[in-house]
There are 2 protein chains.
Amino acid sequence: MALLSKSCVYGIRAAIYIASEADKGYISISQVAKELNLSSHFLTKILQELTSVNLLLSHKGPRGGVKFAKDTKKIKLIEIIGAIDGLELFTECALGLEGCGVYKPCPLHDSWTAHREALRNLFERENLYDLSENVKSAGLRLRTLNQQELLDLNQ
Amino acid sequence: MALLSKSCVYGIRAAIYIASEADKGYISISQVAKELNLSSHFLTKILQELTSVNLLLSHKGPRGGVKFAKDTKKIKLIEIIGAIDGLELFTECALGLEGCGVYKPCPLHDSWTAHREALRNLFERENLYDLSENVKSAGLRLRTLNQQELLDLNQ
DNA sequence: CAAATATAGGATAATATTGTCTTCATATCC
DNA sequence: GGATATGAAGACAATATTATCCTATATTTG
């Protein structure tokens, strides 16, 4: 199991990329998909979840695409995660027990709730502007590596 | 998305219960399943993953069942998780990028790797004996609640 | 208005996860 | 040795996730 679903991860990577191009207005999803090595149709669907909650604005037709509806400094990763995966990860019992709480806790209740908050903080801290700036200035990576790059890395 | 798969969660809940009955020798899987409100066939499959890595010993026939192969004080939750879900959660990039590391990090690399370790520690700390003792002494919960219990809880 | 381009949205398919059921093999007990 | 109880293992089904493809709709451009 991964922490986040693939859809969510694709959404986050795309969001950071779109934020890095925020000054250019609408950016086409197919360009984002190409840049990140994703299926454009699949990415379109994922980003629709972000437009439906008004995080993204979309525009059809030539020179259309998507852009963020507000200042990317004010958009935290947790909003992207909430729109795609939901926030259950940050609210639910680690053992999936409904009603697990102070009154009827599971054996992991205390340690997990504490940890859950730290995890939530992690994603509440990160805003899209900072993340995208880091990508630009430090050459961080949003793409998968191709075969050759993976080989190079393993040497 | 949840942190752990359902199989893993079922495995953990069963493991804690089995540990709480460790002094009774082999305990039948169907009894465990009944106690925890799980399908016995499904649980059998999950526990087979624990016997196949020699965490559990199994015994067929009347008075058969499963029991832990070593002192439950020495079995940490991380071992159960590793056998069922694998340890990818504690080793992989949060954005699922292969080869994400110091050399070619993703924008979340630093904060996630730090957090990942804390998460791992959480599950490395907890041993089955302590967890099962907590369940017994503090009446903690391994079961799902039934309709009535859920209603009671919400009042 | 026509052509081109882009998102929206639905149909379908592939795969993984979760769950049930049946059969088999083995052990116990009488 | 026969009846019974139990885990092992595989077939199968339901559901969720991931992915692809096709059509519809809106918008721009000429």
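**Entry 1: helix 6 of chain B**

I began with helix 6 of chain B and noted that Lys136(B), Ser137(B) and Ala138(B) are exposed on one side of this helix, the other side from its buried residues. I took a residue as buried if 20 or more other C-beta atoms lie within 10 Å of its own, as exposed if 12 or fewer do, and as partly exposed in between, with C-beta atoms placed from the backbone. Helices (H or I, at least four residues) and strands (E, at least two) are DSSP runs, numbered from the N terminus.

The model is predicted: local features need pLDDT of at least 70, side-chain atom pairs count only at pLDDT 80 or more, and totals for chains, interfaces and linings use all residues. Residues are numbered from 1 along each chain as its sequence is written, while chains are lettered from A and ligands numbered from 1 in the order in which they are written.

I then looked up the buried residues of helix 6 of chain B, which are Leu128(B), Leu131(B), Ser132(B) and Asn134(B). They cover an arc of only 155° around the axis, so they lie on the same side of helix 6 of chain B; the arc is that of the directions from the helix axis to the C-beta atoms. An α-helix has 3.6 residues a turn, so residues three or four places apart point the same way. The buried residues of helix 6 of chain B pack against helix 1 of chain B. Just after helix 6 of chain B, I found Gly139(B) with a positive phi of about 65°.

**Entry 2: chain B against chain A**

I recorded that 41 residues of chain B are in contact with 41 residues of chain A, contact meaning C-beta atoms, placed from the backbone, within 7 Å. Helix 1, helix 5 (109–125), helix 6 (128–138) and helix 7 (147–153) of chain B each supply at least two residues of the side that touches chain A. That side of chain B divides into 26 nonpolar, seven polar and eight charged residues.

**Entry 3: the DNA strands**

Which residues come nearest to DNA strand C? Of the 25 residues around DNA strand C, I listed Ile29(A), Ser58(A), Lys6(B), Ser39(B) and Gly61(B) as the nearest. Helix 3 of chain A gives the most to the surface near DNA strand C, with five residues.

For DNA strand D, I found 25 surrounding residues, the closest being Lys6(A), Ser39(A), Gly61(A), Ile29(B) and Ser58(B). Helix 3 of chain B gives the most to the surface near DNA strand D, with five residues. A residue is near a strand if its C-beta atom, placed from the backbone, lies within 6 Å of it.

Conventions
Two residues are in contact if their C-beta atoms, placed from the backbone, lie within 7 Å. Ala, Val, Leu, Ile, Met, Phe, Trp, Tyr, Cys and Pro count as nonpolar, Asp, Glu, Lys and Arg as charged, and the others, Gly among them, as polar.
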